[in-house]
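Colleague: Let's take this one by question and answer. Keep the replies short, please.

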Amino acid sequence: MCLAVPGRVLDIGEKDGTRMATVDFGGVQKEVCLEYLPDLQVGEYAIVHVGFALQRLDEESARQTLELFAELGMLQEEFGDPWEQAAEAGGDPWPFADGPAVAAPHEEVTP
């Protein structure tokens with residue numbers, strides 16, 4: 001699933017002649033194209049879909065939406081590691097998780 005997610009503009013610049021911004025989505029930062037919202041400013045919020053800022057949004061609406069998405073696990077689905085998600089969906093543990101290595105019953109773990 002691909003969501004339209006609210007994010008806060010952290011900085012604005014130009015890349016190859018295109019107005020771009022670094023946008024924060026509740027802790028995840030992504031580069032976003034601002035061509036559809038050329039007057040969007042640093043500190044403002046926008047709805048972003050597939051890398052394009054599409055609509056300006058007020059801070060309270062953005063905060064509420066991000067909280068709801070986080071509560072439903074949709075931010076992890078949208079911004080999480082697709083390889084980790086595939087492993088978990090297949091019933092396998094993610095082998096690169098933080099923490100001590102765990103051996104299968106027939107193998108030894110060496111630090």
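Colleague: What does Ala70 count as, by relative accessibility?

Modeller: This is a predicted model: local features need pLDDT of at least 70, side-chain atom pairs need 80 or more, and totals for chains, interfaces and linings use all residues. Residues are numbered from 1 along each chain as its sequence is written, and side-chain values use heavy atoms, without hydrogens or water. Buried means under 20% relative accessible area, exposed over 50%, and partly exposed in between (1.4 Å probe, protein chains only). Ala70 has 47%, so Ala70 counts as partly exposed.

Colleague: In which element is Ala70 found, and how far is Ala70 from Gly26 in space?

Modeller: Elements are DSSP runs numbered from the N terminus: helices are H or I with at least four residues, strands are E with at least two. Ala70 sits in helix 1. Gly26 is 44 residues away in sequence. C-alpha to C-alpha, the two are apart by 8.7 Å.

Colleague: In what order do the elements run from the N terminus?

Modeller: The protein has 3 helices and 5 strands. From the N terminus, the order is β-β-β-β-β-α-α-α.

Colleague: How many bridges pair strand 2 with strand 3?

Modeller: Strands pair if DSSP finds at least two bridges between them. Strand 2 covers residues 18-25 and strand 3 residues 28-33, and their sense is antiparallel. Ala21 has Val32 in strand 3 as its bridge partner. The number of bridges is 6.

Colleague: Which residue in that hairpin takes a positive phi?

Modeller: The hairpin has 2 residues between strand 2 and strand 3. The phi in question is near 60°. It belongs to Gly26.

Colleague: Which element gives the most residues to the largest nonpolar core?

Modeller: A nonpolar core is a set of buried Ala, Val, Leu, Ile, Met, Phe, Trp, Tyr and Cys residues joined through side-chain atoms within 4.5 Å. Of the 14 residues in the largest one, Val23, Phe25, Val32, Leu40 and Ala53 touch the most other members. Two or more residues come from each of strand 1 (5-15), strand 2, strand 4 and helix 1 (59-71). With 3 residues, the element that gives the most is strand 2.

Colleague: Which residues does Val23 touch, beyond four places away in sequence?

Modeller: Contact means heavy atoms within 4.5 Å. On that basis, Val23 touches Gly7, Arg8, Val9, Val28, Gln29, Lys30 and Val32.

Colleague: Why is the pair of Tyr36 and Phe52 classed as it is?

Modeller: The whole structure holds 1 aromatic pair. Rings of Phe, Tyr and Trp (its six-membered ring) pair if their centres lie within 6.5 Å; planes under 30 degrees apart are stacked, over 60 edge-to-face, the rest tilted. Here the centres of Tyr36 and Phe52 are 5.5 Å apart and the planes meet at 50°, so the pair is tilted.

Colleague: How many residues apart are those two rings in the chain?

Modeller: Tyr36 is in the loop between strand 3 and strand 4 (45-49), while Phe52 is in strand 5 (residues 52-57). Tyr36 is exposed at 55% relative accessible area, and Phe52 is partly exposed at 32%. The pair links distant parts of the chain, and the separation in residues is 16.

Colleague: Which strands does the salt bridge of Lys15 and Glu31 tie together?

Modeller: A salt bridge is a side-chain nitrogen of Lys or Arg within 4 Å of a carboxyl oxygen of Asp or Glu. The search finds 5 of them. Lys15 and Glu31 form one at 3.4 Å, N to O. Their parts of the chain, 16 residues apart, are strand 1 and strand 3.

Colleague: What is the N to O distance between Arg63 and Glu60?

Modeller: Both residues lie in helix 1, 3 residues and about one helical turn apart. Arg63 is partly exposed at 37%, and Glu60 is partly exposed at 37%. Their salt bridge has an N to O distance of 2.4 Å.

Colleague: Which residues do salt bridges with shared partners join into one network?

Modeller: Arg56 and Asp39 meet at 3.2 Å, N to O. Arg56 is in strand 5 and Asp39 in the loop between strand 3 and strand 4, 17 residues apart. The network is made of Asp39, Glu44 and Arg56.
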